[in-house]
Amino acid sequence: MKKIIITGVFSLLSLVSFTNQSQAQEFRSGIKGSFNLSNLYTDDIDDNNLRPGFSIGIFKENQIGASSAIQTELLFSTKGNRSEYRTGPFDGEAKFNLNYLELPVMLDLKAGDALDISFGPYVSYLISANVTTEGDFGNSFSEIDRDQLNAFDFGLSGGLGLNFGNTELGARYNMGLSEIADSDNARTILGDAKNSVIQFYIALGL
């Protein structure tokens with residue numbers, strides 16, 4: 001399944017490149033950043049343990065019609081979740097932190113000059129993972145062996161964007177389709193949990 005998703009993404013990128021070369025369509029590029037609210041989900045998405053984070057990177061939008069475009073992005077994006085704990089009179093907070101290099105490929109449908117409706121797949125590569133804790137027992141930082149987790153995550157994205165000249169403000173939801181755990185030890189803790197991320201972004205065309 002991973003190979004199918006990755007092959008599909010790169011086939012779509014090749015199609016965009018061919019379309020631009022053959023039809024000389026317009027394109028724009030720029031930088032993009034977002035405020036992330038991430039969590040993990042199993043059967044249902046529970047937003048009680050949202051973890052604040054961010055993403056930052058670059059994008060390129062290739063127009064393929066009068067009211068449509070393909071936008072590819074390359075982002076550093078943080079995911080994971082947080083949880084609060086209490087042991088007797090002591091309490092604290094633990095964060096499960098996942099850092100990815102992410103490649104979304106989005107189809108943008110233009111509803112006039114102001115509104116973009118976008119959806120498409122993404123694939124991402126796990127760079128690092130760790131757990132941090134803060135509380136009455138003090139602070140700690142522990143690296144997680146990446147061999148315990150899937151190196152690749154993939155899923156579907158969708159969102160809305162408002163254009164103000166070369167600036168776009170919008171919101172997007174990323175729903176992971178790949179289990180995070182890749183070993184029996186990791187599945188004991190994570191089960192079949194997948195990534196879930198809400199993003200509020202700003203994109204600046206250059």
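**Exercise 1. The nonpolar core**

Task: Find the residues of the largest nonpolar core in this predicted model, and say which elements supply them.

Solution.
- Step 1. List the members. The largest nonpolar core has 12 residues: Leu40, Phe96, Leu98, Tyr100, Leu126, Ala129, Leu149, Ile180, Ala181, Ala186, Leu190 and Ala193.
- Step 2. Assign them to elements. Strand E4 (90–111), strand E5 (115–135) and H2 each give two or more residues to this core.
- Step 3. Pick out the main contributor. E4 gives the most, with three residues.
- Step 4. Set this beside the general trend. In soluble globular proteins, nonpolar side chains tend to be buried together.

**Exercise 2. Around Leu126**

Task: Take Leu126, a member of the largest nonpolar core. Which residues does Leu126 touch, not counting residues up to four places away in sequence?

Solution.
- Step 1. Start with the lower-numbered partners. Among the residues that Leu126 touches are Leu98, Asn99 and Tyr100.
- Step 2. Move up the chain. Leu126 also touches Arg146, Leu149, Asn150 and Ala151.
- Step 3. Compare with the core list. Leu98, Tyr100 and Leu149 belong to the core as well.

**Exercise 3. The second largest pocket**

Task: Describe the space and the lining of the second largest pocket.

Solution.
- Step 1. Give the volume. The second largest pocket holds about 190 Å³ of space.
- Step 2. Name the lining. Phe96, Val131, Ile144, Gln148, Leu149, Asn185, Ala186, Ile189 and Leu190 line this pocket.
- Step 3. Sort by class. Seven of the lining residues are nonpolar and two are polar, with no charged residues.
- Step 4. Find the top contributor. Helix H2 (residues 184–190) gives the most, with four residues.
- Step 5. Look for core members. Phe96, Leu149, Ala186 and Leu190 are in the lining, and these residues are also listed in the largest nonpolar core.

**Exercise 4. The largest pocket**

Task: Which residues lie nearest the centre of the largest pocket, and how do the residues of its lining divide by class?

Solution.
- Step 1. Give the volume. About 320 Å³ of space lies in the largest pocket.
- Step 2. Go to the centre. Of 20 lining residues, Arg28, Glu61, Gln63, Lys110 and Asp116 lie nearest to it.
- Step 3. Sort by class. The lining has four nonpolar, 10 polar and six charged residues.
- Step 4. Find the elements. At least two lining residues come from each of strand E1 (27–41), strand E2 (51–65) and strand E3 (68–87).

**Exercise 5. The cavity and Glu168**

Task: Locate the cavity found in the whole structure, then place Glu168, one of its lining residues.

Solution.
- Step 1. Count and size. The search finds one cavity of 30 Å³ or more. The largest cavity has a volume of about 30 Å³.
- Step 2. Name the lining. Lys32, Gln71, Asp108, Ser118, Glu168, Arg172 and Tyr201 surround this space as its lining residues. One is nonpolar, two are polar and four are charged.
- Step 3. Place Glu168. Glu168 lies in strand E8.
- Step 4. Judge its exposure. The relative accessibility of Glu168 is 5%, so Glu168 counts as buried.
- Step 5. Check its contacts. Beyond four places in sequence, Glu168 touches Arg28, Asp116, Gly161, Leu162, Asn163, Tyr201, Ile202 and Ala203.
- Step 6. Take one partner. Asp116 is 52 residues from Glu168 along the chain, yet their C-alpha atoms are separated by 9.2 Å.

**Exercise 6. An aromatic pair**

Task: Describe the aromatic pair formed by Phe54 and Phe76. Are these rings buried, exposed or partly exposed?

Solution.
- Step 1. Count the pairs. The structure holds two aromatic pairs.
- Step 2. Read the geometry. The Phe54 and Phe76 rings are 5.8 Å apart centre to centre, with 45° between the planes, and the pair is tilted.
- Step 3. See what the pair joins. Phe54 is in strand E2 and Phe76 in strand E3, so the pair ties together parts 22 residues apart in sequence.
- Step 4. Settle the exposure. Phe54 is partly exposed at 40% relative accessibility. Phe76 is partly exposed too, at 28%.

**Exercise 7. Two serines**

Task: Are Ser124 and Ser178 buried or exposed?

Solution.
- Step 1. Place them. Ser124 is in strand E5. Ser178 is in the loop between strand E8 (167–176) and H2.
- Step 2. Apply the cut-off. Buried means under 20% relative accessible area. Ser124 has 2%, so it is buried. Ser178 has 6%, so it is buried.
- Step 3. Look around Ser124. Leaving aside neighbours within four places in sequence, Ser124 contacts Lys79, Tyr100, Leu101, Glu102, Ala151, Phe152 and Asp153.

Conventions: Residues are numbered from 1 along each chain as its sequence is written. This is a predicted model: local features need pLDDT of at least 70, side-chain atom pairs count only at pLDDT 80 or more; totals for chains, interfaces and linings use all residues. Side-chain values use heavy atoms; hydrogens and water are left out. On a 1 Å grid over the protein atoms alone, a cavity is a set of points where a 1.4 Å probe fits but cannot get out, and a pocket is an open set with protein on both sides within 12 Å along at least five of seven lines; lining residues have an atom within 4 Å of a point. Grid points are joined across faces, edges and corners, and a volume is the space filled by probe spheres set on the points. Ala, Val, Leu, Ile, Met, Phe, Trp, Tyr, Cys and Pro count as nonpolar, Asp, Glu, Lys and Arg as charged, and the others, Gly among them, as polar. A nonpolar core is a set of buried Ala, Val, Leu, Ile, Met, Phe, Trp, Tyr and Cys residues joined through side-chain atoms within 4.5 Å. Buried means under 20% relative accessible area, exposed over 50%, partly exposed in between (1.4 Å probe, protein chains only). Contact means heavy atoms within 4.5 Å. Rings of Phe, Tyr and Trp (its six-membered ring) pair if their centres lie within 6.5 Å; planes under 30 degrees apart count as stacked, over 60 as edge-to-face and the rest as tilted.
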